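Okay, thanks for coming, everyone. Let me put the structure up, and then I'll talk you through it.

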Amino acid sequence: MRNILFIILCFASATAFAQEDLDKLIHIEDPKNEKVTATFKSGNLINLKTTETIHRNEMDFRVDHRFGDIAGSAGGAKNFFGLDNSTDIRIGFDYGLLDNLNIGIARAKGATEVRQLYEGNLKYRFLEQTVDNGVPVSVAFFGSTTVSGMEAAEDKQSAASFTRFSDRLSYVTQLIIARKFSSNLSLTVVPSYLHRNYTAYNDQNDLFALGIGGRAKVSNRIALVADYIFPFRKSSNKKYREEVSGQRYYNALGVGLEMDTGGHIFHLNFTNATAIQESQFISETNSSWGKGQFRWGFSIARRFNFNKK
Amino acid sequence: MNKISIFSIFFLMVLGGIAAFAQETSSLVSKETSITFFSSAPLEDIEAKSTLAASAMNIKTGDIIFRVKNTSFQFDKKLMQEHFNENYMESDKYPLSEFKGKIEGTEKLIKDGNYTLNVKGTLQIHGVTKPYTAAAVFNVRAGIIKATASFPVRLADHKIAIPSIVGKKIAEVVKIKVEALYKQ
């Protein structure tokens with residue numbers, strides 16, 4: 001009798017074994033070193049660049065615009081809250097040589113004494129954050145050279161009183177370090193170095209700065225973006241310049257909304273920086289949020305794909 | 001009596017093990033599994049394929065399973081791939097898509113030949129599970145079973161929202177094609 005029980009038990013276990021879920025037979029291999037995608041949705045936050053690059057054979061056409069002061073002495077209803085003025089306009093084209101290497105050209109109006117800017121730039125993302133955290137951050141190098149095409153100013157104290165061609169050049173070098181903490185939150189730190197061959201009298205040729213920024217998703221297509229840049233200007237230079245020009249230096253702070261319409265990225269932002277280019281907003285933001293000297297800005301970017309198929 | 005019963009336990013365990021092993025072979029794992037989808041809309045045709053999918057079937061019970069990691073789908077345009085994962089599939093939240101079902105009439109698959117059999121089951125995409133039935137073609141040759149099936153999936157059924165601005169680029173109903181090659 002017992003034996004029969006054993007037989008039944010044993011066969012029962014054998015059958016259960018056979019019906020073991022097919023689940024366990026299949027396993028999906030995780031692609032090795034899978035990269036984190038979409039840390040940011042576009043190559044720019046508001047004032048800062050991001051680690052994002054466009055892919056090989058893609059072109060990004062981008063128009064940035066900064067209006068005049070919304071409030072304060074230069075804003076208000078008389079110039080329709082700044083919409084009558086534009087402090088800076090930049091039109092740029094970027095092209096993907098590789099998935100992680102972009103080159104670009106741009107023309108900007110310029111918002112300081114130095115105007116009519118032509119820019120050549122390069123962005124190289126040499127490290128990409130991985131899903132398994134083997135690589136915890138993405139890191140990109142951004143470098144740009146800007147040349148001013150304007151007529152040299154006569155005032156010898158002016159930053160635009162060029163005497164040689166090389167006086168017209170300025171260089172920006174940034175290391176963009178970013179991490180996507182979750183699908184909803186990405187943060188970035190941007191150590192920056194700016195070199196201007198020629199500056200206003202008693203200003204600094206070399207300037208270090210630290211930028212921080214982030215993006216928080218509100219919905220699938222809308223995100224809040226913000227960035228802040230802190231330049232390390234020598235206090236003696238700063239004091240002198242502020243006394244001579246009668247203008248104070250401020251740190252650029254931008255906050256905005258980023259909307260992804262699928263192909264278009266539309267930014268609606270507010271910042272106290274009048275200039276769009278790194279070579280200018282890092283060193284010369286003379287407007288203050290506290291005085292109502294912030295402005296509406298927008299940018300429209302459109303990506304074109306030249307890959308076959 | 002005691003000795004005999006210990007012996008019989010041992011014997012039966014071995015027998016049970018053999019039986020389990022014999023049964024095990026009725027489960028077939030696919031060596032090559034691919035899943036492709038096609039979206040045909042007025043402005044754009046989109047095709048993406050994953051060759052990193054996995055599948056297994058049981059030739060006795062007819063049970064069949066497919067599973068694929070959404071981020072493994074490869075698109076010609078990488079920006080589309082990013083949108084696919086970020087905006088539509090939300091691959092962070094729902095990393096896998098899965099089909100679990102039963103093949104009707106698997107006893108035929110013992111002999112070589114071509115068979116069209118119905119497969120009934122549930123498909124989970126974007127965290128939403130829906131019942132599906134599709135006709136699958138099984139090609140059996142020397143113990144190797146090649147299976148292919150194709151069926152439509154309505155994106156709205158799986159709560160995948162297409163904004164009207166890109167409505168002419170993405171089809172409301174996409175065609176899914178699955179291929180698997182089962183070997184013993």
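Let me start with a definition: I call a residue buried if 20 or more other C-beta atoms lie within 10 Å of its own, exposed if 12 or fewer, and partly exposed in between, with the C-beta atoms placed from the backbone. What you're looking at is a predicted model, so local features need pLDDT of at least 70 and side-chain atom pairs count only at pLDDT 80 or more, while totals for chains, interfaces and linings use all residues. Residues are numbered from 1 along each chain as its sequence is written, and chains are lettered from A and ligands numbered from 1 in the order in which they are written.

Now, the burial terms at work: A:Q116 is partly exposed, with 15 other C-beta atoms within 10 Å. Where does A:Q116 sit? In the loop between strand 3 and strand 4 of chain A. Helices and strands here are DSSP runs, numbered from the N terminus: H or I over at least four residues for a helix, E over at least two for a strand. A:Q116 isn't a glycine, yet its phi is positive, about 55°. As background, most residues other than glycine have a negative phi.

There's another one like that in the next loop I want to show. A:N133, again not a glycine, has a positive phi of about 65°, and its place is between strand 4 and strand 5 (138-148) of chain A. Buried or exposed, A:N133? Exposed, because A:N133 has 10 other C-beta atoms within 10 Å.

Let's zoom out to chain A as a whole. DSSP gives chain A 3 helices and 12 strands. The radius of gyration of chain A is 26 Å, well over the 19 Å from the globule rule for 309 residues, so chain A is more spread out than a compact globule. For the record, that radius is taken over C-alpha atoms, and the rule is 2.2 Å times the number of residues to the power 0.38. The box filled by the C-alpha atoms of chain A is roughly 115 × 45 × 40 Å along the principal axes. Of the 309 residues in chain A, 38% are buried.

So what do the strands make? A closed barrel of 12 strands in chain A, running 1-2-3-4-5-6-7-8-9-10-11-12 with antiparallel pairing. The twist averages 20° from one strand to the next; axes are lines fitted to C-alpha atoms, for helices over the stretch in contact, and angles run from 0 to 180 degrees between N-to-C directions. Two strands pair if DSSP finds at least two bridges between them.

Take strand 3 as the worked example. Strand 2 (residues 86-98) of chain A runs antiparallel to strand 3, with 8 bridges, and a hairpin of 2 residues connects them. In that pair A:G96 is opposite A:N102. On strand 3's other partner, strand 4 (residues 117-127) of chain A, there are again 8 antiparallel bridges, and A:A106 faces A:E119 across that pairing.

Which way do the side chains of strand 3 (residues 101-108) of chain A point? They alternate: A:N102, A:G104, A:A106 and A:A108 go to one face and are buried, while A:L101, A:I103, A:I105 and A:R107 go to the other and aren't.

Further round, strand 6 (residues 169-182) and strand 7 (residues 185-196) of chain A pair antiparallel over 10 bridges, with A:S170 opposite A:R196.

Next, A:F81, which lies in the loop between strand 1 (58-69) and strand 2 of chain A. A:F81 is partly exposed, with 16 other C-beta atoms within 10 Å. A:F81 and A:R295 are 214 residues apart in sequence but 8.4 Å apart in space, C-alpha to C-alpha.

On to the nonpolar cores, meaning sets of buried Ala, Val, Leu, Ile, Met, Phe, Trp, Tyr and Cys residues joined through C-beta atoms within 7 Å. The largest has 27 residues, and A:F281 and A:I282 have the most contacts inside it. A second, separate core has 25 residues, including B:L28, B:A56, B:M57 and B:L109.

Last stop, chain B: B:M80, B:F84, B:N85 and B:Y88 are the buried residues I'd point to in helix 2 (residues 78-88). They cover an arc of only 130° around the axis, so they sit on the same side of helix 2 of chain B; that arc is of the directions from the helix axis to the C-beta atoms. Just after helix 2 of chain B, B:E90 has a positive phi of about 50°.
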